[in-house]
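These entries record what I looked up in one structure, feature by feature. I kept them short and in the order in which I worked.

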Amino acid sequence: MGRCISSNEEIWRIFNFTIHERHLILIYLNVHLENSQSLFHDRKCCSTCPNTSGNNTRLLPEYEGIRSSDPLGRVYTVHPTNSECFHMRLLLHEVRSPMSFIDLRTFEGRVCETYKQACQLRGLLEYDEHWNKALEEEAASRSPKILRNLFAVMLLTCPMSSPKQLWMDHKEKLSRSSIPDSTGLLEYDEHWNKALEEEAASRSPKILRNLLPVMLLTCSMSSPKQLWMDHTENLSEDILHQAGIQQQNMDLDYCGTIFNRALIDIEDKIILLGGSDLKCFDGLRNP
C-alpha cells in the first residue's frame, strides 16, 4: 500500500536533505562553591593531565565555542538549606559577566565574606518583616512554649535573611515562661490575662468575680497571685462604688478593705464550686 507525498517533500528527498533535524534545547549546568567541583581522574592519563588544583577554579571553563552554541544553559536548583550555594546561585543570575567567585561577592568595591551578605547588599533578599509579624501575632494569643515550637519550625523551613535579628527582637517573648517558673515547665499566663481584660471591657465586676474562681479551679495557671494583682481594681470596682454610696463619699479610693471584700466573694464562689480556700492557690492569701 503506497503513500502519496507532495512535490515539496519529493524534491527534498531527491536532494538527500535531512528529513529530521534535532537540537538539544537545554543543557543543565552544575552549581558548586569554590574549590568544591567534582573531579574525575583516569590513572592512565594522570601524568599528562593539566593542573586541576582549586587555585585555578573559574566560573566558566574556557571551552572553545561554549558561548556560541545552540543549546540554552539552565542552572540546577539548590535547596535554601544549603545556604551559601543557594545564595551563590542567586548571584549568578544577577551579577553580569563575573569572571571569578570573588566577583560574585563584590558589590560597589566591597568584597563580602559570604554570598548571603552579598545578596543582602544587592537587595536580593526579602526582609524578615512577615516572619516578625507572624511571631508578634502568635505572641498575642499563644504561650511562649508554642511560640518556641513555631520559631524552631520557621528556622528549619523558612528562608530568613537574619535569624539572629529575629531572635533578638523576640527573645523576651520566647523566654517568658522562665519568669514565673525557674524550671521552665509552666506556661505564661498571658492568655488568661487577656481573657480577663476582654471580659472587663464588657462585663460587670460581679461577673468577673464569678469567672475568676472557675479559672482558678479549672485552668493551670503559673501565678494566680500575679493575675489577681493585675486585675484587683476591675474585680473590685462595684464594691468601691457601693462603699462610696454608703459613706456618701464618691471620691473614695481603693484600699485593703475593698480588696478583702472582693477576695471574700471570690473564695465563697470557689467553695460553692467544690473547691477549698484561697490558700490552696499559689501566692494567694485568705482575706
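**Entry 1. Phe17 and the nonpolar patch**

I began with Phe17 and placed it in the loop between α1 (7-14) and β1 (26-29). The model is predicted, and I read each value below as computed from it. I then looked up the accessibility of Phe17: at 44% relative accessible area, this residue counts as partly exposed. I next asked which residues make a nonpolar surface patch with Phe17. They are Ile11, Trp12, Ile14 and Phe15, and with Phe17 they make a patch of about 550 Å².

**Entry 2. Aromatic pairs**

I searched the whole structure for aromatic pairs and found three. The pair of Phe151 and Trp167 is tilted, with 6.5 Å from centre to centre and 40 degrees between the planes. I noted that this pair links distant parts of the chain, 16 residues apart: Phe151 belongs to helix α6 (residues 144-157) and Trp167 to helix α7 (residues 163-174). I compared the burial of the two partners. Phe151 is buried, with a relative accessible area of 9%, whereas Trp167 is partly exposed, at 36%.

I turned next to Trp228 and Phe259, whose rings form an edge-to-face pair, 6.4 Å centre to centre and with 85 degrees between the planes. Trp228 lies in helix α10 (residues 224-230) and Phe259 in helix α12 (residues 256-272), so this pair ties together parts that are 31 residues apart in sequence. For Trp228 I found a relative accessibility of 8%, which counts as buried. I also asked which residue joins Trp228 and Phe259 in a cluster of ring pairs. It is Tyr254.

**Entry 3. A charge over a ring**

I looked up the surroundings of the ring of Tyr115. Arg105 lies over the face of this ring, at 5.6 Å from the ring centre.

**Entry 4. Cysteines**

I checked for disulfides, and the count came to zero. Cys112 is in no disulfide, and the nearest cysteine sulfur, that of Cys119, is 9.1 Å away. The cut-off for a disulfide is 2.5 Å between the sulfur atoms. I then asked whether Cys112 is buried or exposed. Cys112 is buried, with a relative accessible area of 2%. I recorded Cys85 as buried too, with a relative accessible area of 6%.

**Entry 5. Salt bridges**

I searched the whole structure for salt bridges and found five. One of them joins the side chains of Glu199 and Arg203, at 3.3 Å from N to O. I looked up the accessibility of both partners: Glu199 is partly exposed, with a relative accessible area of 27%, and Arg203 is partly exposed, at 46%.

I then turned to Asp265, which forms a salt bridge with Arg209, the closest N and O atoms being 2.7 Å apart. This pair links distant parts of the chain, with Asp265 in helix α12 and Arg209 in helix α9 (residues 205-218), 56 residues apart. I noted that both Asp265 and Arg209 are buried.

Asp265 also forms a salt bridge with Lys269, and here the closest N and O atoms are 2.7 Å apart. I asked why Asp265 and Lys269 are separated by about one helical turn. They are four residues apart in helix α12, and therefore about one helical turn lies between them. On burial, I found a relative accessible area of 19% for Asp265, which is buried, and of 21% for Lys269, which is partly exposed. The two labels fall as they do because buried means under 20% relative accessible area. I closed this entry with the network: salt bridges that share partners join Arg209, Asp238, Asp265 and Lys269 into one.

**Entry 6. The segment after α12**

I placed Asp277 in the segment after α12. Asp277 is partly exposed, with a relative accessible area of 22%. Finally, I asked how far the C-alpha atom of Asp277 is from that of Glu267. The two C-alpha atoms are separated by 6.0 Å, the residues being ten apart along the chain.

Technical notes:
Residues are numbered from 1 along each chain as its sequence is written. This is a predicted model: local features need pLDDT of at least 70, side-chain atom pairs count only at pLDDT 80 or more; totals for chains, interfaces and linings use all residues. Side-chain values use heavy atoms; hydrogens and water are left out. Rings of Phe, Tyr and Trp (its six-membered ring) pair if their centres lie within 6.5 Å; planes under 30 degrees apart count as stacked, over 60 as edge-to-face and the rest as tilted. Helices (H or I, at least four residues) and strands (E, at least two) are DSSP runs, numbered from the N terminus. Buried means under 20% relative accessible area, exposed over 50%, partly exposed in between (1.4 Å probe, protein chains only). A charge sits over a ring if NZ of Lys or CZ of Arg is within 6 Å of the ring centre and within 35 degrees of the ring normal. Patches are made of residues with over 30% relative accessible area and no salt bridge: like charges are joined within 9 Å, nonpolar side chains (Val, Leu, Ile, Met, Phe, Trp, Tyr) within 5 Å. Accessible areas come from the Shrake-Rupley method with a 1.4 Å probe; for residues, only the protein chains shown count as cover. A salt bridge is a side-chain nitrogen of Lys or Arg within 4 Å of a carboxyl oxygen of Asp or Glu.
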